[in-house]
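Student: Could you take me through the sheet in this model and what packs around it? I'd like a close look at that one part, in one go.

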Amino acid sequence: MGHHEGHSHDHGHHHHHSNNKKALLASFVLISTFMVIEVIGGFMTNSLALLSDAGHMLSDAAALGLSYTAIRLGEKKATQSKSFGYKRFEIIAACLNGLTLIVISAFIFIEAIRRFVNPPEVQSMGMLMISIIGLLVNVIAAWILMSGDKEENLNVRSAFLHVIGDMLGSVGAIAAALLIYFFDWGIADPIASMIVAILIVISGYRVVRDSFHILMEGTPDRVDMEEVKESLKELPHVSDVHDLHIWTITSGFLSLSCHVVIDAGGDHDSILAVAQKLLHDQYGIEHSTIQVEKQDVGCPNPHETCN
């Protein structure tokens with residue numbers, strides 16, 4: 001967690017941001033261009049494996065385009081009606097993107113089953129050429145995205161996972177093309193496309209699950225609520241912490257709210273400052289709202305009435 005030190009964090013954040021933007025835009029252009037080639041190639045060679053790979057690439061291009069748009073929109077300033085700005089757009093986009101993936105794979109499955117029953121002629125050489133180029137395109141795109149900040153940013157990570165899935169799709173298409181070319185196994189084409197469809201479903205499900213967790217204000221995976229609570233309780237003069245909530249606004253942007261009870265010797269402002277510094281430095285929580293309450297000095301027992 002070394003990058004949560006003091007002010008360098010904000011500078012680092014901007015640096016990551018422009019890196020992410022460049023990486024996403026470059027891979028978006030690359031993958032969209034190739035996807036068009038793959039769709040045309042899929043129809044010309046009559047290969048479902050190529051078309052399903054193109055379907056995967058479409059989902060990639062959508063993921064990258066959405067992520068790029070999300071980062072651009074996330075930079076828009078907050079307004080009165082949207083006090084967190086447009087940061088949530090990224091999560092909604094990821095969710096929609098995940099659902100689209102699941103729909104695409106359903107179509108591929110249906111077509112693959114039809115082809116099992118009745119394997120059509122596939123031009124394996126054309127299919128082989130296109131799928132090899134596809135593999136190279138994905139390797140380049142993955143390499144570009146590696147320069148982004150995929151540990152912190154859900155969008156860059158989901159785009160990266162898409163591209164990895166895509167590579168496997170291209171490998172499947174290459175294998176199918178070779179099997180058709182050498183052994184005349186027409187059935188290899190629908191098998192390869194089904195494998196790709198399964199990959200697409202898995203990545204779609206993951207993205208939907210993660211984004212749904214964030215939209216439901218779920219506690220971020222990398223933060224342990226109990227640990228945060230104990231750390232706050234260990235601060236000098238703090239006797240209790242309650243109503244603790246931690247949630248994610250958008251990837252890498254955590255928020256917290258809680259009530260902190262302090263004893264008579266505690267100074268409201270200094271405890272607040274120490275608590276916020278602790279949350280930022282130790283847990284990377286950017287935005288914390290803490291309500292500080294004094295303990296009742298003369299009345300330890302809540303059931304007695306105090307004068």
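Tutor: Let's start with helix H7, residues 225-233, which lies across S1 and S2 and runs at about 135 degrees to S1. Keep in mind that this is a predicted model. There's another helix on the sheet too: H8, residues 268-283, lies across S1, S2 and S3, at about 150 degrees to S3.

Now the sheet itself. It's an open one with 3 strands in the order S1-S2-S3, and the pairing is mixed. S1 (238-250) and S3 (285-294) sit at the edges with a single partner strand each, so each of them has one side with no neighbour in the sheet. Going from one strand to the next, the twist averages 15 degrees.

Look at the S2-S3 pair next. S2 covers residues 253-262, and it runs parallel to S3, with 9 bridges joining the two. One pairing to pick out is Ile 262, whose bridge partner in S3 is Lys 294.

Step past the strand and you get to Asp 263, in the loop between S2 and H8. Is Asp 263 buried, exposed or partly exposed? Its relative accessibility is 26%, and since buried means under 20% and exposed means over 50%, Asp 263 counts as partly exposed. Setting aside neighbours within four places in sequence, Asp 263 is in contact with His 237, Lys 294 and Gln 295. So Lys 294, the bridge partner of Ile 262, turns up again here as a contact of Asp 263, with the cut-off for contact being heavy atoms within 4.5 Å. Glu 293 is 30 residues away from Asp 263 along the chain, yet their C-alpha atoms are separated by 8.8 Å.

How does this part fit into the whole chain? The elements run α-α-α-α-α-α-α-β-β-α-β from the N terminus, which comes to 8 helices and 3 strands. Of the contacts with a separation of 6 or more, 74% are between residues 24 or more positions apart. Buried residues make up 45% of the 307 in the chain.

For a contrast with Asp 263, try another aspartate, Asp 189, in helix H6 (residues 188-215). Asp 189 is buried, with a relative accessible area of 0%. Its side chain makes a polar contact of 2.9 Å with that of Arg 115. Not counting residues up to four places away in sequence, Asp 189 touches a set of residues including Asn 46, Leu 48, Val 122, Met 127 and Ile 180.

Technical notes:
Residues numbered from 1 in each chain as written. Predicted model: local features only at pLDDT ≥ 70, side-chain atom pairs only at ≥ 80, totals over all residues. Heavy atoms only, no water. Pairing = 2+ DSSP bridges. Helix = DSSP H or I, 4+ residues; strand = E, 2+ residues; numbered from the N terminus. Axes fitted to C-alpha atoms, helices over the stretch in contact; angles between N-to-C directions. Buried < 20%, exposed > 50% of the residue type's maximum accessible area, 1.4 Å probe, protein only. Polar contact = N/O pair within 3.5 Å; in protein donor to acceptor, adjacent residues only side chain to side chain.
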